[in-house]
Amino acid sequence: MPAFRQVGEKQLPNPVLCMAWSPKRDLIALANTTGELLLHRLASFQRVWSLPPSECTGKEITALAWRPDGKILAFSLGDTKQVVLCGVEKAEILHVFPMQHPVTCMHWMEVTEENSALSSFYNSEDESKLFLPKLPTLPKSTTSKIFSEEKSDEIMNLLGEVRLNVLVLGGDAGFVELYAYGMYKIATLTGVSGTCRSLSLSSDLKSLSVITEVRSADNNPEICYIQLDTGLLSDCLSEVTRMARKFTHISTLLQYLHLSLTCMCEAWEDILMQMDLRLTKFVQEKNTNTQVQDEFLELLLWGQSSPELQALLMNQLTVKGLKKLGQSIESSYSSIQKLVISHLQSGSEALLYHLSEVKGMCLWKQKFEPLGLDSAAIEGAITAVGSFSLKANELLQVIDKSMKNFKAFFRWLYVAMLRMCEEHVPPELNKMTQKDIAFVADFLSEHFSENEELFDRKGKYFNVERVGQYLKDEDEDLVSPPNTKGNQWLKFLQESTHLKESPLLFPSFPQKSLHFVKRMMESVIEQCLQKPAEVIGKSVKQAVFLPLYTVPESSENTPRLFELPSLWNDKKAKMHYVLFCMPEVSPSKLYLLRKGTDPNRHIPNSVMSIDLSHHLDNTDDDNAAAQPNYIYSCLDARFYDDEMLTVVLQGSEEENRRRVLAQLPLASALSCETEFNWQTHLRLDQQSGAIPCQELVLGNQWRELESMKAQFVAVNGIRKVACVLSANLRHIRVFEMDVEDEDDEGADSQNASADQDGLDASMTSQGPGEESVEAEDEGGEQKGAVFQKTEEHLESEEALELS
C-alpha cells in the first residue's frame with residue numbers, strides 16, 4: 001500500500017521557477033518563467049487565480065514568501081527591482097516598494113517570544129481607534145493601473161496581526177534588509193559576503209542564518225553558511241515591536257494619502273482647461289489690440305460685443321458647451337472638495353497622531369535611543385504633515401472661492417449668449433443686481449488679464465481655472481498663488497519677531513502645489529524612518545562564517561530557489577538547521593549542520609550526515625537479505641517539521657534509476673554522539689571523511705514516483721502536504737502526507753471512483769475564506785485515470801484546457 005495519497009497532478013504550460021505552500025491553508029503559490037503568479041488549491045490542484053505580469057510591477061519573479069497569517073503573499077521582481085505585497089483573497093496588489101538591488105531570496109517569519117510588556121501592548125494596541133475616526137473607503141479608481149478597485153480597507157489590512165512578523169530580503173553583493181510587518185524597514189545589514197541564496201531569521205530574533213555564494217581566491221563559486229548576531233532586536237523586542245507597529249501605521253497612512261490624491265487627480269477633468277485654451281486662441285487670432293477683459297467688460301456693461309468675441313462665444317464655446325462646462329466644473333470641484341475633507345484631512349490627522357506617539361517614544365531615551373529614534377527628525381516629520389494639512393486647507397478655500405466665482409460668471413455669460421441668440425431668457429436668470437455686476441467685474445479683472453509669463457511656461461495666456469495647478473505633480477511654483485493681501489494674521493506674523501520663526505507654527509509654502517508639499521512630507525518621513533534601520537543594521541555582527549562546499553557544475557542550470565542548502569528554524573529547541581548535499585564528494589549522503597539561535601551557545605554534534613544506501617521494498621525480514629542494497633542520491637530535501645525531512649531520491653545505479661518521495665525521521669541522525677572536529681581553515685567538503693554518519697531508517701514512509709522525472713519538492717508540515725516538481729519544471733504532483741493510498745481488493749491500479757469520492761470530499765471541505773473555483777473540466781476528471789496518464793497525455797490535455 002503506497003505511502004502518502006496523491007490528490008492532484010498537472011502538466012503546466014510554462015516552467016515553474018518557485019513554489020511555496022501557504023502556512024494556514026491548503027494553497028500553494030507558483031511563479032513561472034513568464035512572470036505570472038499562480039495560486040492553486042490542494043484538491044485536484046485546482047487554480048484559484050492567476051496574476052499576469054505587469055509593466056508597472058515587472059515580469060521576472062525571483063522569490064516568494066507568505067506572511068505567517070496566510071493573508072498576504074510577497075514576491076520580488078528582478079527586472080524592476082521591486083517587492084510586491086499581494087492580497088490572497090482577490091489577487092490584489094496592495095503595496096509596492098523599490099529595492100536598491102534585485103532580491104534573490106526572501107523569508108517571512110513570526111516572533112514567538114512572549115513577555116509581560118508585549119502582552120500589555122498586544123491588548124492596548126488598538127487604542128488609536130478610540131481617538132481617531134475610521135478612515136473612509138476610497139472611491140473606485142478608473143485609471144490607476146495597479147489600484148483598480150476600492151482598496152482602503154485592504155490597505156489598512158496590510159497591518160495584519162499585532163504580533164511582530166519580519167520579512168527578510170536578500171540579494172546580490174551581500175544585500176540584506178529586514179521589514180517589520182512586511183512594510184517598515186527596521187534593519188539594513190552590511191558586511192555579508194557574496195550573493196544570498198537562502199535566509200532564516202530565528203523566531204526569538206537572536207540570529208539570522210544566511211546561505212551565500214562567494215567567489216573563492218581561484219574564482220570558483222563556494223557555498224558558505226553565515227550566522228549574524230541580531231541581539232539588539234532580541235534584547236529590545238518590546239521596544240522594536242512598538243516602534244515597528246507605529247511606523248507601519250505611518251507607512252500605511254502614507255499609502256492611503258497617496259491613493260486619495262490619485263483619486264482627486266482623476267476627479268479633476270481636462271475639460272476644465274477648455275476656457276483657458278480657447279481664450280488663448282482668441283488672443284492669438286484677434287486683429288484688435290483691445291484686452292480680453294475689456295471685451296468682456298463691454299459685454300457686461302453695455303451688452304455689446306465685438307464680432308471676434310461673439311464668434312468665440314457662439315461658434316467655439318456655444319451655449320450647450322458652456323452649460324456642459326459649468327456642470328463639469330461643479331461636479332469635479334465637489335468631488336475634490338469631498339475627498340479633501342473626508343480623506344486627506346482624516347489621513348493627515350491620523351498621521352499626526354501616530355507621529356506624536358513616536359515623538360513620545362523618542363523622549364524615553366533609556367528605552368528607544370539605542371534603536372536610533374531621533375526626536376529632531378520626528379519633529380521635522382510632524383511639521384511636514386502640518387504643512388500638508390495647511391496646503392489641503394488652502395485648496396479647500398480655493399475650491400470654495402472658485403465655485404462661487406464660476407457660478408456667478410457662467411450665469412451671467414449664459415444669459416448674455418442667450419440674448420445673442422435672441423432666445424428666451426428664464427426670468428429667474430434675468431435678474432442681476434449691482435452687487436452681482438461688481439462681483440463679475442472683479443472676477444474678470446482678476447482672472448482675465450493676459451499673462452505673458454504664463455504663455456512662455458504653459459503655452460496659454462490665461463489661468464481662469466485655479467484648482468488644477470494644485471494637483472499637478474511638478475516642481476514649479478503655482479501659476480496663480482492665492483492672494484494674501486489684507487490677511488491680518490499673516491501681517492501680524494510678519495511684524496512679530498517672536499512668532500515669525502516659531503517652531504510651533506507650521507510653514508505654509510504658499511507658492512507650491514499640494515503634490516509638491518506631499519512629496520516633501522513623504523521625503524521627510526522617509527528620512528526619519530531610515531535612521532533606526534541604519535542604527536539597528538550597524539549593531540548586527542557576523543558571529544559564524546563556515547565555507548561548506550564548491551558549487552557543482554551539474555547545478556549551474558538549476559533555478560536558484562530550488563537549490564540546496566535548505567534552512568530551518570526549530571522554535572522549540574531554538575536551533576538553526578542547514579540541510580545540504582555534496583554530490584561531487586559524497587553523492588549518497590545528506591548532510592545536516594546545527595547551530596543554536598544564540599550565537600554564544602555551544603551545540604555538540606553540530607555536523608552529521610545520513611547514508612542514503614537502503615532497500616526500499618516493503619518485504620518480510622526473512623526476505624530482506626535477498627533484496628539488492630540500492631544506493632540512492634538526494635535530488636532535493638526540505639524540512640517537513642522539526643522532526644522530519646521530506647526528500648526526493650534517485651537510484652544511483654543503472655539497474656535502479658527510479659525516483660522516490662520519502663519521509664526521513666531525524667531522531668536517529670540527531671542521536672549521533674560522535675563529535676566532529678571542524679578544521680576552520682578548510683572547507684567542509686575537504687574534510688567530509690571525518691563527518692559522523694548515521695544509516696537511513698526509513699520504514700514504509702516512501703513512495704515511488706512512476707512516470708515522472710521528479711526533481712524538487714515543497715512541503716508544509718502544518719497542513720501535511722507536499723508538492724513534487726519534475727526536472728523539466730512543468731509536471732507537478734501534490735500529496736497528502738499523513739494518508740495512505742487504498743488498494744482496490746488486490747487490483748494493481750487505484751480505484752478511480754473511490755478516489756473521486758475523496759476528491760469531492762476535499763473540494764467541499766475548503767476553507768470559508770477561500771475563493772470559489774470554476775469546475776474547468778478538471779474537477780470532473782476521474783483521478784485514477786489521471787494518475788495513469790503519461791506526461792504526453794497530460795500535456796495534450798493541458799493544451800485542450802487552455803485553448
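Me: Which helix is Leu 490 found in?
Reply: Leu 490 sits in helix 16, residues 488–495. Bear in mind that this is a predicted model.

Me: Is Leu 490 buried, exposed or partly exposed?
Reply: Leu 490 counts as partly exposed, because its relative accessibility is 33% and the partly exposed class lies between 20% and 50%.

Me: What surface patch does Leu 490 help make?
Reply: A nonpolar one of about 510 Å². Leu 490 makes this patch with Trp 489, Phe 492, Leu 504 and Leu 505.

Me: Switching to strands. How many residues of strand 14 are buried?
Reply: 7 of its 7 residues, 195–201, are buried. Strand 14 is mostly covered.

Me: And what joins strand 14 to strand 15?
Reply: 6 bridges, with the two strands running antiparallel. Strand 15 covers residues 207–215. In this pairing, Ser 198 stands opposite Ile 211.

Me: What's in the turn of that hairpin?
Reply: There are 5 residues between strand 14 and strand 15. Leu 205 in the turn has a positive phi of about 65°.

Me: Now the sheet with strand 28. What's the strand order?
Reply: The order is 1-29-28-27, in an open sheet of 4 strands with antiparallel pairing. Strand 1 (5–11) and strand 27 (710–716) are the edges, each pairing on one side only. From one strand to the next, the twist averages 20°.

Me: How many bridges pair strand 28 and strand 29?
Reply: 5 bridges, in the antiparallel sense. Strand 28 spans residues 721–726 and strand 29 spans 731–736.

Me: Which residue stands opposite Val 724?
Reply: Arg 733, in strand 29.

Note on methods
Residues numbered from 1 in each chain as written. Predicted model: local features only at pLDDT ≥ 70, side-chain atom pairs only at ≥ 80, totals over all residues. Heavy atoms only, no water. Pairing = 2+ DSSP bridges. Axes fitted to C-alpha atoms, helices over the stretch in contact; angles between N-to-C directions. Buried < 20%, exposed > 50% of the residue type's maximum accessible area, 1.4 Å probe, protein only. Patch = residues over 30% accessible without salt bridge, like charges linked within 9 Å, V, L, I, M, F, W, Y side chains within 5 Å. Areas by Shrake-Rupley, 256 points an atom, 1.4 Å probe, with all protein chains shown as cover. Salt bridge = Lys/Arg side-chain N within 4 Å of Asp/Glu carboxyl O.
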